Amino acid sequence: MRERFYRFMQGRYGNDQFNRFLMILALAAMVLSILWKPQLYLAALGFLGWGYYRMFSRKVYSRAMENQKYLTIREKVLCRLRRGKRELEQRKGYHIYKCPGCGQRVRIPRGKGKVEVHCPKCGKDFIK
């Protein structure tokens, strides 16, 4: 039986990170459909069908490009979350201001009172 499955999957795309994400989304939608709204069951079936379609597809290049796009978006989101976490940790000892000229974030130690800040990016001076 295993050999038949290997022959069936030959030339097909298989599983990747985007498929895993779709399967987790389908599972979450199924659980939410049981607990909250039954209409989410259709969304769960859609995610499940999309995942299986991608898994058994013979268009390997197209599926790889979809996965690459997913990984790019995922990395942007994770980078933003990491930056937010780092800023929250730094707020204990620093004030973080945006430069009115260019939008660059500037860190100033807490407890310094009114300070004239020099933006390292555009060179503009502003008082905070």
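**Note on the predicted structure**

1. Strands β1 (residues 94-98) and β2 (residues 105-109) are paired in the antiparallel sense, with five bridges between them. The model is predicted, and the remarks below should be read accordingly. The two strands form a hairpin in which six residues lie between them. In the turn, Gly103 has a positive phi of about 90°. Across the pairing, Ile96 stands opposite Arg107 of β2.

2. The two faces of β2 are not alike in their surroundings: Val106 and Ile108 make up the covered face, whereas Arg105, Arg107 and Pro109 make up the uncovered one. As a general matter, the side chains of a regular strand alternate between the two faces of the sheet.

3. Helix α3 covers residues 40-56, which is 17 residues. Because a helix is expected to span 1.5 Å a residue, the expected figure for α3 is 24 Å, and the 25 Å between its end C-alpha atoms agrees with this. The buried residues of the helix are Ala44, Gly51, Arg54 and Met55. Seen down the axis of α3, these buried residues fall within an arc of 105°, and they therefore line one face of the helix. Among the elements that cover the buried residues of α3 are α1 (2-9), α2 (17-35) and α4 (60-90).

4. How many salt bridges does a search of the whole structure find? The search finds six. One of them joins the side chains of Asp16 and Arg54, at 3.1 Å from N to O. Asp16 lies in the loop between α1 and α2 and Arg54 lies in helix α3, so this pair ties together parts that are 38 residues apart in sequence. Are the two partners buried or exposed? Both Asp16 and Arg54 are buried.

5. Glu87 takes part in two of the contacts described here, one with Arg91 and one with Arg105. Between Arg91 and Glu87, the closest N and O atoms are 4.0 Å apart. Between Arg105 and Glu87, the N to O distance is 2.4 Å. The latter pair links distant parts of the chain, since Arg105 belongs to strand β2 and Glu87 to helix α4, 18 residues apart. Salt bridges with shared partners also join Asp16, Arg54, Arg63 and Glu66 into one network.

6. The accessibility of the three residues around Glu87 deserves a remark. Glu87 has a relative accessibility of 16% and so counts as buried, the cut-off for that class being under 20%. Arg91 is partly exposed, with a relative accessible area of 36%. Arg105 is likewise partly exposed, with a relative accessible area of 40%.

7. How many disulfides does the structure hold? The number is zero. Cys79 is in no disulfide, and the nearest cysteine sulfur, which belongs to Cys102, is 19 Å away. Cys79 counts as partly exposed, at 35% relative accessibility.

8. Why is Cys119 not bonded to Cys102? The sulfur of Cys102 is the closest cysteine sulfur to that of Cys119, but the two are 3.6 Å apart and therefore too far for a bond; a disulfide requires the sulfur atoms to be within 2.5 Å. Cys119 has a relative accessibility of 0% and counts as buried.

Notes:
Residues are numbered from 1 along each chain as its sequence is written. This is a predicted model: local features need pLDDT of at least 70, side-chain atom pairs count only at pLDDT 80 or more; totals for chains, interfaces and linings use all residues. Side-chain values use heavy atoms; hydrogens and water are left out. Helices (H or I, at least four residues) and strands (E, at least two) are DSSP runs, numbered from the N terminus. The expected span of a helix is 1.5 Å times one less than its number of residues. Buried means under 20% relative accessible area, exposed over 50%, partly exposed in between (1.4 Å probe, protein chains only). The arc is that of the directions from the helix axis to the C-beta atoms. Contact means heavy atoms within 4.5 Å. Two strands pair if DSSP finds at least two bridges between them.
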